[in-house]
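I opened this notebook page to record what I looked up in one structure. The entries follow in the order in which I made them.

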Amino acid sequence: MRRLSSEVNFFCISSSINSGSCNGCDIEIIASLCPRYDIERFGIKLVGSPRHADVLLITGPVSRQMVDKVKRTYEQMPDPKAVICVGNCANTGDVFYESYNLVGPVDKILPVDVYVIGCPPRPENIIHGISKALTKKNYIEIEGLLKKIARHTHLTLAELDLYLWYSETGKILK
């Protein structure tokens, strides 16, 4: 198997936040770390601190007690960051929908980049969601780099994009 990205040695995911679920999704996240699926072979590593994470995995609907903690964890992550909602409860509220103690699904609290559906979702789906988040994160990093280069070279993004296309294809600029 090849790595998801040849430019990034490790793509760090934060330990998932259980914001009020039944732990079914958490068990599947742990299963994706075990030898059968072994996401570390793709360069994806679970870290304990959000300060070292690229992606935040959230399971369960957000309860009133967890709103501040979820926001604080998100704010501690370095930019660019991504949020993955794992499971139906995090995406829609599922069986806990309109409960008296819930604020709602995660996307009412944080901007969500990837939704992984299922109750509970299979480890393959979780790995696929993480790869989608990696693709988006790499795109955001490249776009930021292009904007920085454009500022220093006084080129527009369209001119810079055209220049990069010519340099990748080997065609001569006229």
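Which residues are exposed on the other side of H2? I found Asp68 and Glu75 exposed there; exposed means over 50% relative accessible area, buried under 20%, and partly exposed in between (1.4 Å probe, protein chains only).

I noted the basis of these values: the model is predicted, local features need pLDDT of at least 70, side-chain atom pairs count only at pLDDT 80 or more, and totals for chains, interfaces and linings use all residues. Residues are numbered from 1 along each chain as its sequence is written, and side-chain values use heavy atoms, with hydrogens and water left out.

I then turned to the buried residues of helix H2 (residues 67–76), which are Val67, Val70, Thr73 and Tyr74. Seen down the helix axis, they fall within an arc of 135° (taken from the directions from the axis to the C-beta atoms), so they line one face of H2. They pack against strands E2 (17–18), E4, E5 (62–63), E6 and E7 (102–104).

Next I looked up the largest nonpolar core (buried Ala, Val, Leu, Ile, Met, Phe, Trp, Tyr and Cys residues joined through side-chain atoms within 4.5 Å). This core has 17 residues, and Val55, Leu57 and Ile84 are among those with the most contacts inside it. Helix H4 (123–153) gives the most to this core, with 4 residues. Another core, apart from it, has 16 residues, including Ile17 and Met77.

Lastly, I recorded 5 helices (H or I, at least four residues) and 8 strands (E, at least two), which are DSSP runs numbered from the N terminus. Of the 174 residues of the protein chain, 42% count as buried.

Key: Contact = heavy atoms within 4.5 Å.
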